[in-house]
Amino acid sequence: MLLAGEPVPTAALNALLAAQLPNGGWFWAFIDPGQIDPTKDQSDVDATGRVLQLLAGPAGVRCISAYARAAAYLAGGQLTSGGWGVRAGQTPENANSTGLVIAGLRAAGRDPGTAPFRTSAPIATATLLSYQEPSGAFVYIKEAGKEESRLMATTDTLVALLQPLVPAPTCRPTFLPLIRR
């Protein structure tokens with residue numbers, strides 16, 4: 001819709017925001033709140049990064065608590081290697097997940113090179129760059145036999161590296177003076 005010049009319906013944005021799970025992440029498919037198993041982490045790092053990109057980027061949604069909850073979820077799931085796997089805190093780390101998180105955070109005004117994210121080497125961007133091959137392409141994963149170059153890994157990485165860090169929104173309460181007669 002946005003590419004066609006049409007605004008995103010408010011109901012669609014509200015549905016996306018309502019789909020955020022209690023831990024701050026999003027799952028790759030909408031989950032009925034009654035089906036959420038609180039003993040399992042059903043959030044998905046990739047989906048969370050993409051949702052942040054969409055909401056904060058083309059949809060232009062600013063200053064919402066969902067961003068802070070998503071950033072906390074992602075910060076808690078960052079691996080000591082500096083990147084992310086598909087599930088927060090779980091290996092294997094991969095270029096797609098790391099790229100999607102970086103792009104989503106930067107679109108939402110959060111710098112993955114500062115606290116609460118890993119601020120000592122390796123930081124997220126350095127980890128992401130470590131996936132690049134001499135050809136310029138990026139491998140999906142650095143596991144023997146699985147390190148093939150993939151178009152999606154390269155695309156997600158380039159989007160992350162080109163995503164500008166949007167200034168974090170300053171959330172201020174609206175002041176509406178009361179006029180009495």
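**Exercise 1. Place Thr-98 in the fold and decide whether Thr-98 is buried or exposed.**

Solution. In this predicted model, Thr-98 sits in helix α4. Next, check accessibility. The relative accessible area of Thr-98 is 0%. The cut-off for buried is under 20%, so Thr-98 is buried. Last, list the partners, leaving aside neighbours within four places in sequence. Thr-98 is in contact with Gly-83, Trp-84, Glu-93, Ala-124 and Leu-128.

**Exercise 2. Do the same for Thr-157: find its helix, its burial and its contacts.**

Solution. Thr-157 belongs to helix α6. Its relative accessible area is 0%, so Thr-157 is buried. Residues up to four places away in sequence are not counted. Thr-157 then touches Ala-95, Leu-128 and Phe-138.

**Exercise 3. Describe how α4 and α6 pack, from geometry to residue classes.**

Solution. Start with the general rule. Two packed helices are described by the angle between their axes and the distance between the axes.

- Geometry: the angle between α4 and α6 is about 25°, and their axes are 8 Å apart.
- Direction: angles under 35 degrees count as roughly parallel, so α4 and α6 are roughly parallel to each other.
- Hand: α4 passes α6 in a left-handed crossing.
- Residues from α4: Ala-95, Asn-96, Gly-99, Leu-100, Ile-102, Ala-103 and Arg-106 make the contact.
- Residues from α6: Met-152, Ala-153, Asp-156, Thr-157, Val-159 and Ala-160 make the contact.
- Classes: the contact of α4 with α6 has eight nonpolar, three polar and two charged residues.

**Exercise 4. Check the length of α6, then say which of its residues are buried and what they pack against.**

Solution. Helix α6 covers residues 151-162, which gives 12 residues. From first C-alpha to last, α6 reaches 16 Å. That is close to the 16 Å expected at 1.5 Å a residue. The buried residues of α6 are Ala-153, Thr-154, Asp-156, Thr-157 and Ala-160. They pack against α2, α4 and α5.

To read the spacing in such a list, use the helix repeat. An α-helix has 3.6 residues a turn, so residues three or four places apart point the same way.

**Exercise 5. Repeat the length and burial check for α2.**

Solution. The 12 residues of α2 should span 16 Å at 1.5 Å a residue. The end C-alpha atoms of α2 are 16 Å apart, which agrees. Now burial. α2 is mostly covered, with 10 of its 12 residues buried. They are Val-45, Asp-46, Ala-47, Thr-48, Gly-49, Val-51, Leu-52, Gln-53, Leu-55 and Ala-56. These buried residues pack against α1 (10-18), α3, α4 and α6.

**Exercise 6. Work out the packing of α2 on α4 and then of α2 on α3.**

Solution. Take α4 as the partner.

- α2 and α4 pack at an angle of about 30°, with their axes 7 Å apart.
- That makes α2 roughly parallel to α4.
- The crossing of α2 and α4 is left-handed.
- α2 contributes Val-45, Asp-46, Gly-49, Arg-50, Leu-52, Gln-53 and Ala-56 to the contact.
- α4 contributes Ser-97, Leu-100, Val-101, Ala-103, Gly-104, Leu-105 and Ala-107.
- By class, the contact of α2 with α4 has eight nonpolar, four polar and two charged residues.

Now take α3 as the partner.

- The axes of α2 (residues 45-56) and α3 come within 11 Å and cross at roughly 150°.
- Angles over 145 degrees count as roughly antiparallel, so α2 is roughly antiparallel to α3.
- The crossing of α2 and α3 is left-handed.
- From α2, Val-45, Thr-48, Leu-52, Leu-55 and Ala-56 make the contact.
- From α3, the contact residues are Tyr-67, Ala-70, Tyr-73 and Leu-74.
- The contact of α2 with α3 has eight nonpolar, one polar and no charged residues.

**Exercise 7. Find the cis peptide bonds at Pro-92 and Pro-116 and place each proline.**

Solution. A cis bond joins Thr-91 and Pro-92, with omega about 5°. Pro-92 lies in the loop between α3 (65-76) and α4 (95-107). A cis bond also joins Ala-115 and Pro-116, with omega about 15°. Pro-116 lies in the loop between α4 and α5 (124-129).

**Exercise 8. Summarise the whole chain: secondary structure, burial and contact range.**

Solution. Count the elements: six helices and zero strands. Along the sequence the pattern is α-α-α-α-α-α. Of the 181 residues, 38% count as buried. Finally, take contacts between residues at least 6 apart in sequence. Of these, 59% join residues at least 24 apart.

Key
Residues are numbered from 1 along each chain as its sequence is written. This is a predicted model: local features need pLDDT of at least 70, side-chain atom pairs count only at pLDDT 80 or more; totals for chains, interfaces and linings use all residues. Side-chain values use heavy atoms; hydrogens and water are left out. Helices (H or I, at least four residues) and strands (E, at least two) are DSSP runs, numbered from the N terminus. Axes are lines fitted to C-alpha atoms, for helices over the stretch in contact, and angles run from 0 to 180 degrees between N-to-C directions. Angles under 35 degrees count as roughly parallel, over 145 as roughly antiparallel, 65 to 115 as roughly perpendicular and the rest as oblique. A crossing is left-handed if the near helix is turned anticlockwise from the far one by less than a right angle, and right-handed if clockwise. Contact means heavy atoms within 4.5 Å. Ala, Val, Leu, Ile, Met, Phe, Trp, Tyr, Cys and Pro count as nonpolar, Asp, Glu, Lys and Arg as charged, and the others, Gly among them, as polar. The expected span of a helix is 1.5 Å times one less than its number of residues. Buried means under 20% relative accessible area, exposed over 50%, partly exposed in between (1.4 Å probe, protein chains only).
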